[in-house]
Amino acid sequence: QVRLVESGGGLVQAGGSLRLSCVVFGRTLSTYRMDWFRQAPGKEREFVAAIDWSSSTTDYAEAVKGRFTISRDNGKNTVYLQMNSLKSEDTAIYSCEAGRKFGAVVGAMRSNEYEFWGRGIQVTVSS
């Protein structure tokens, strides 16, 4: 059984930083693209960032460009999201998702192209 487990969330002041991790258990996802999504209370699920299987390409939502960095370590079956200069509007539940699609990452895939996803972790930014 494949499980994606996020960690590293919590409460941080505006302007601060957090690094989220997503560890994959049950199989290797080294050939999968990995995405981060977030959902704030009362809002739609929102694409945050994506990285292809070889770390050759990444893509970010406009709202986080220049502040967030996605990376991965296939040897550790882990994907990361470094979040700097956090703002109150970044408050949300963040989750990682995996889909087997090759090529450069550009925005989010269709929902049915994601095969695995985690439960998510809370990030709260106080102003």
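The legends below describe close-up views of a predicted model.

**View 1. The open sheet of four antiparallel strands.** The strand order in this sheet is 1-3-8-7. Strand 1 (3-7) and strand 7 (68-73) occupy the edges, and each has a single partner strand, so one side of each is left without a neighbour in the sheet. From one strand to the next, the twist averages 15°.

**View 2. Strand 7 and its pairing with strand 8.** Six bridges join strand 7 to strand 8 (residues 78-83) in the antiparallel sense. Two bridges can be picked out by residue: Arg-72 is partnered by Val-79 of strand 8, and Ser-71 is partnered by Tyr-80 of strand 8. The two strands form a hairpin with four residues between them. In the turn of this hairpin, Asn-77 has a positive phi of about 55°.

**View 3. The two faces of strand 7.** In a regular strand the side chains alternate between the two faces of the sheet. The covered face of strand 7 carries Phe-68, Ile-70 and Arg-72. Thr-69, Ser-71 and Asp-73 make up the uncovered face. The two bridged residues of the previous view fall on opposite faces, with Arg-72 on the covered face and Ser-71 on the uncovered one.

**View 4. The hairpin of strand 4 and strand 5.** Strand 4 (residues 33-39) pairs with strand 5 in the antiparallel sense over five bridges. One of the bridge contacts places Trp-36 opposite Ala-49 of strand 5. Six residues lie between the two strands, and Gly-42 in the turn has a positive phi of about 75°.

**View 5. Strand 5 and its pairing with strand 6.** Five of the six residues of strand 5 (residues 46-51) are buried, so this strand is largely enclosed by the rest of the structure. Strand 5 pairs with strand 6 (residues 58-60) in the antiparallel sense over three bridges. In strand 6, Thr-58 is the bridge partner of Ile-51. This hairpin also has six residues between its strands, and Ser-55 takes a positive phi near 65°.

**View 6. The aromatic pair of Tyr-32 and Phe-116.** Three aromatic pairs are found in the structure. In this one, the ring centres of Tyr-32 and Phe-116 are 5.9 Å apart and the planes stand at 50°, so the pair is tilted. Tyr-32 is in the loop between strand 3 (18-25) and strand 4, while Phe-116 is in strand 10 (residues 116-117). The pair links distant parts of the chain, 84 residues apart. Tyr-32 counts as buried at 2% relative accessibility. Phe-116 also counts as buried, at 17% relative accessibility.

**View 7. The aromatic pair of Phe-37 and Phe-47.** The two rings are edge-to-face, at 5.9 Å centre to centre and with 75° between the planes. Phe-37 belongs to strand 4 and Phe-47 to strand 5, 10 residues apart. Both Phe-37 and Phe-47 are buried.

**View 8. Arg-45 and the ring cluster.** Ring pairs join Phe-37, Phe-47 and Tyr-114 into a cluster. The charged end of Arg-45 sits over the ring of Phe-37, at 3.7 Å from the ring centre. Arg-45 also lies over the face of Tyr-114, at 5.9 Å from the centre of that ring.

How values were computed
Residues numbered from 1 in each chain as written. Predicted model: local features only at pLDDT ≥ 70, side-chain atom pairs only at ≥ 80, totals over all residues. Heavy atoms only, no water. Pairing = 2+ DSSP bridges. Axes fitted to C-alpha atoms, helices over the stretch in contact; angles between N-to-C directions. Buried < 20%, exposed > 50% of the residue type's maximum accessible area, 1.4 Å probe, protein only. Phe/Tyr/Trp six-rings, centres within 6.5 Å; stacked < 30°, edge-to-face > 60°. Lys NZ or Arg CZ within 6 Å of the ring centre and 35° of its normal.
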